[in-house]
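Hi everyone, thanks for making time for this. I'd like to walk you through one model, so let me put it up on the screen.

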Amino acid sequence: VTKMSKTAIDIEYSEIDEIKKIIKSYGAKRSALIAILQDIQERYQYLPEVALKEVANSLNIPLCEVYSVATFFRAFSLVPRGKHTCTVCMGTACHVRGAPRILEEFERQLNIKPGETTEDREFSLESVNCLGCCAIGPVVVIDKDYYGGMTVNRVSQLIKQYKSKSGKED
């Protein structure tokens, strides 16, 4: 279960017009379904139910088809995600170089487990089986930035760095 203080209802009706603008920017074409979902995901850090319904309605396709695409691709989330996604590689090379301790440190400092989001929706935490960067392991990816040779001591520094990007430095 995702930890969070806000619910998905936050945007249920207040931002329908914004969702419609995103759909309209692609000419409401069925062929643009994935691109539309990507834009919605980027705006809200997840795909709200109201957005999926609006996409289905506007593109004149069954809701189950939109839902199928939204659940097929790992990049999409149906639950609110943080502004920053911290991904810790747990592949063999990273594992033997200390990845489990790095993941534990992220869990401790963010007070969440993999698959969860902080209450302020600032960070989501994930672990993956391999990022394909074995030579520079252990590897952590935050958003699209790769950090090789990661250590437990650098976790705090990275969290502070990304908090300051959002203007939420402690």
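Let's begin with strand β2, residues 123-128. In this predicted model, five of the six residues of β2 are buried, so the strand is largely enclosed by the rest of the structure. Which strand does β2 pair with? That would be β1, residues 84-89, and the two run in the parallel sense over six bridges. If you want one spot to click on, take threonine 85, which sits opposite serine 124 in β2.

Now zoom out to the sheet. It is an open one, made of four strands in the order β2-β1-β3-β4, with mixed pairing. The edges are taken by β2 and β4, the latter being residues 145-147; each has a single partner strand, so one side of each is left without a neighbour in the sheet. On average, neighbouring strands here are turned by 20° against each other, ignoring direction. As a reminder, side chains in a regular strand alternate between the two faces of the sheet.

At the other end of that order, β3 and β4 run antiparallel and are joined by three bridges. Isoleucine 142 has aspartate 145 in β4 as its bridge partner.

So what lies across these strands? One helix to look at is α6, which lies across β1, β2 and β3 and runs at about 155° to β1. Another is α7, residues 152-165, lying across β1, β2, β3 and β4 at about 165° to β4.

Let me stay with α6 for a moment, since there is a nice sanity check on its geometry. The helix has 12 residues, 99-110, and at 1.5 Å a residue it should span 16 Å; its end C-alpha atoms are 16 Å apart, which agrees. Which residues of α6 are buried? They are Ala99, Ile102, Leu103, Glu105, Phe106, Glu107 and Leu110, so you can see two glutamates in that list. The cover over these buried residues includes β1, α5 (92-96), β2, β3 (140-142) and α7. Just after the helix comes asparagine 111, with a positive phi near 60°.

Next, a helix pair from earlier in the chain. Helix α3, residues 49-59, packs against helix α4, residues 63-72, at an angle of about 125°, and their axes are 8 Å apart. The two are therefore oblique to each other, and the crossing is right-handed. At the interface, Leu52, Lys53, Val55 and Ala56 from α3 meet Leu63, Val66, Tyr67 and Ala70 from α4.

Moving on from α4, have a look at serine 77, in the loop that leads from α4 to β1. Buried or exposed? Serine 77 has 10% relative accessibility, and the cut-off for buried is under 20%, so it counts as buried. Leaving out residues up to four places away in sequence, serine 77 touches Gln41, Tyr46 and Leu47.

Finally, the whole chain. There are seven helices and four strands, and from the N terminus the order is α-α-α-α-β-α-α-β-β-β-α. The chain has 170 residues, of which 43% count as buried. And for those of you who think in contact maps: among contacts between residues at least 6 apart in sequence, 63% join residues at least 24 apart.

That's my tour, and I'm happy to rotate the model wherever you'd like.

How values were computed: Residues are numbered from 1 along each chain as its sequence is written. This is a predicted model: local features need pLDDT of at least 70, side-chain atom pairs count only at pLDDT 80 or more; totals for chains, interfaces and linings use all residues. Side-chain values use heavy atoms; hydrogens and water are left out. Buried means under 20% relative accessible area, exposed over 50%, partly exposed in between (1.4 Å probe, protein chains only). Two strands pair if DSSP finds at least two bridges between them. The expected span of a helix is 1.5 Å times one less than its number of residues. Contact means heavy atoms within 4.5 Å. Axes are lines fitted to C-alpha atoms, for helices over the stretch in contact, and angles run from 0 to 180 degrees between N-to-C directions. Angles under 35 degrees count as roughly parallel, over 145 as roughly antiparallel, 65 to 115 as roughly perpendicular and the rest as oblique. A crossing is left-handed if the near helix is turned anticlockwise from the far one by less than a right angle, and right-handed if clockwise.
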